[in-house]
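Hi,

Here is the structure I said I'd pass on. Have a look at it first, and my notes follow below.

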Amino acid sequence: MAWMQIMNNVRAFSSSTAPGFSRSFSSKSPTPYIVKVGISEFLNGIGKGVETHVPKLELEIGDFQKLLVTRTLKLKKLGIPCKHRKLILKYTHKYRLGLWRPRAEPVKA
């Protein structure tokens with residue numbers, strides 16, 4: 001009986017927000033993202049020299065949704081170097097999960 005009262009008190013305490021532990025979010029304005037994402041915007045967002053393959057990928061793959069499901073072997077057959085293939089696959093995976101989107105303005109290096 002006493003054990004149930006303790007557990008109920010712990011649940012009540014943990015579900016309410018403690019005064020010193022309130023969530024605080026950044027006051028910075030969110031970074032502007034491109035609404036319509038194509039292959040060229042996506043590769044330019046990645047940067048690091050990957051944008052040099054835009055014409056080749058637009059010609060061979062054509063659609064951004066197809067790029068999101070493209071595998072390593074297809075990119076290798078298109079003549080894309082290993083380092084760039086890794087970057088493309090890494091960022092397509094992040095994009096599918098919703099963890100990354102290309103910015104509207106290019107990042108200054």
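**What I found**

Mean pLDDT for the protein is 81, with 66% of the residues scoring at least 70. Keep in mind that this is a predicted model. Among its elements, helix 5 (residues 72-77) has the highest mean pLDDT, 96, while helix 1 (residues 2-15) has the lowest, 64. As usual, where pLDDT is low, the predicted coordinates should not be read in detail.

I spent most of my time on helix 6. Its 16 residues reach 23 Å from first C-alpha to last, close to the 22 Å expected at 1.5 Å a residue. The buried residues there are H84, R85, L87, I88, Y91, T92 and Y95. They cover an arc of only 165 degrees around the axis, so they sit on the same side of helix 6. Helix 2 (39-46), helix 3 (54-60), helix 4 and helix 5 are among what covers them. On the face turned away from that buried side you'll find K83, K86 and L97, which are exposed. Just after helix 6, G98 has a positive phi of about 85 degrees.

Then there are the aromatics. I get five aromatic pairs. One of them is F64 with Y95: the ring centres are 5.2 Å apart and the planes at 85 degrees, so this pair is edge-to-face. It links distant parts of the chain, as F64 in helix 4 (residues 64-68) and Y95 in helix 6 (residues 82-97) are 31 residues apart. Both F64 and Y95 are buried. Together with F42, Y91 and W100, they form one aromatic cluster. Y91 also has the charged end of K94 over its ring, 5.3 Å from the centre.

Cheers

Methods. Residues numbered from 1 in each chain as written. Predicted model: local features only at pLDDT ≥ 70, side-chain atom pairs only at ≥ 80, totals over all residues. Heavy atoms only, no water. Phe/Tyr/Trp six-rings, centres within 6.5 Å; stacked < 30°, edge-to-face > 60°. Helix = DSSP H or I, 4+ residues; strand = E, 2+ residues; numbered from the N terminus. Buried < 20%, exposed > 50% of the residue type's maximum accessible area, 1.4 Å probe, protein only. Lys NZ or Arg CZ within 6 Å of the ring centre and 35° of its normal. pLDDT = per-residue confidence, 0-100. Expected span 1.5 Å × (residues − 1). Arc of directions from axis to C-beta. Contact = heavy atoms within 4.5 Å.
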